[in-house]
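Subject: Structure for your review

Dear colleague,

Please find below the structure that I am handing over to you. I would be grateful if you could read the notes that follow with the coordinates open.

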Amino acid sequence: MHSCSRPLHTAVFRKNKCQKQMGINNNNQEERPYLQQQYVCQRITHTDMFALTALPPGVDKAEWLASNTVAFFKHINLFSSALSEFCTPSTCPTSHTCNFQVYFWTDDHGRKLKCSAPLYFDYAMSYIQELLTDEDVFPTKAGSVFPNGFVFLVQKVFLLLFRTLAHIYWSHYREALAMGLHPHLNTLFIHLTLFCRQHALLEPEDTEPLQDLITAVTGGWSLSQLTQGEGRGHPGQVTSLSQGYT
């Protein structure tokens, strides 16, 4: 792992040009196997995701965000590690979700670095890990308070986690299929997407690269559904990421 307590990243995105370069149109799923019905519907659990992501009664929201941030990081880091042999500087010379959306890492001096996908996501996972182990940001001692700007930092973490999954879907989904990991990937993606929507952690432009998949797997979740889910968790329901995946 590279140690990078950095500002984050910038992305360049041009949807129409991207689709043209990839030969993608709205009716062609051959370039996007993750949209094919026999794959998109596969999951590893039928847990009520609304209950799993909603803030349980009596739980502090910052605590809920913190515990879920740690859990999502562990699951996504583990999942990406399982596919790391396929994501190399030669197979993925840039970190992208399509030919025209490339992510740049910003170093300590404010320089934007165009790096390979494995290096970008190594930077990302290192950044997140450093953040999660910083007691001033993610306190673990009883009576500690979360810092000002905590939600902003959580949003940064979830943006990096979403980009990690987006790269896997665009560049390594066939490998995930071959390894039988696509139900796990779909479940993790649905859970993360719903959690981010319910707690306003990502902007629409952040999730645009996989909007087609979000539409396919969410079945048209509305904001009213998400807000109605707030507070649905209670003792006896699933209230942690690990519980939901077992």
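The notes below begin with the chain as a whole and then turn to two helix contacts and one loop residue.

Please bear in mind that this is a predicted model. The chain contains 12 helices and four strands. It has 246 residues, of which 49% count as buried. Its accessible surface comes to about 12000 Å², and carbon and sulfur atoms account for 52% of that area. Considering contacts between residues at least 6 apart in sequence, 78% join residues at least 24 apart.

Helix 6 (residues 150-171) takes part in both of the helix contacts described here.

The first partner is helix 5 (residues 117-132), which packs against helix 6 at an angle of about 150°, with the axes 10 Å apart. Since angles over 145 degrees count as roughly antiparallel, helix 5 and helix 6 are therefore roughly antiparallel to each other. The crossing of helix 5 with helix 6 is left-handed. On the side of helix 5, the residues involved include Tyr 120, Phe 121, Ala 124 and Ile 128, while those of helix 6 include Leu 153, Val 157, Leu 160 and Leu 161. By type, the residues of this contact comprise 12 nonpolar, two polar and two charged.

The second partner is helix 4 (61-82). Helix 4 and helix 6 pack at an angle of about 25°, and their axes lie 11 Å apart. As angles under 35 degrees count as roughly parallel, helix 4 and helix 6 are therefore roughly parallel to each other. Helix 4 also passes helix 6 in a left-handed crossing. Among the residues that make the contact are Leu 65, Phe 72, Phe 73, Ile 76 and Phe 79 of helix 4, together with Phe 150, Val 154, Phe 158, Leu 165 and Ile 168 of helix 6. The contact of helix 4 with helix 6 involves 15 nonpolar residues, four polar and no charged. Val 157, Leu 161 and Thr 164 of helix 6 appear in the contacts with both partners.

Finally, I would draw your attention to Thr 94, which lies in the loop between helix 4 and strand 2 (96-98). Thr 94 has a relative accessible area of 18% and is buried, because the cut-off for that class is under 20%. Leaving aside its neighbours within four places in sequence, Thr 94 is in contact with Val 102, Lys 114, Cys 115, Ser 116, Ala 117 and His 167. Of these, Ala 117 in helix 5 and His 167 in helix 6 also belong to the contact between those two helices.

With kind regards

Technical notes: Residues numbered from 1 in each chain as written. Predicted model: local features only at pLDDT ≥ 70, side-chain atom pairs only at ≥ 80, totals over all residues. Heavy atoms only, no water. Axes fitted to C-alpha atoms, helices over the stretch in contact; angles between N-to-C directions. Parallel < 35°, antiparallel > 145°, perpendicular 65-115°, else oblique. Left-handed = near helix turned anticlockwise from the far one by under 90°. Contact = heavy atoms within 4.5 Å. Nonpolar A, V, L, I, M, F, W, Y, C, P; charged D, E, K, R; others polar. Buried < 20%, exposed > 50% of the residue type's maximum accessible area, 1.4 Å probe, protein only. Areas by Shrake-Rupley, 256 points an atom, 1.4 Å probe, with all protein chains shown as cover.
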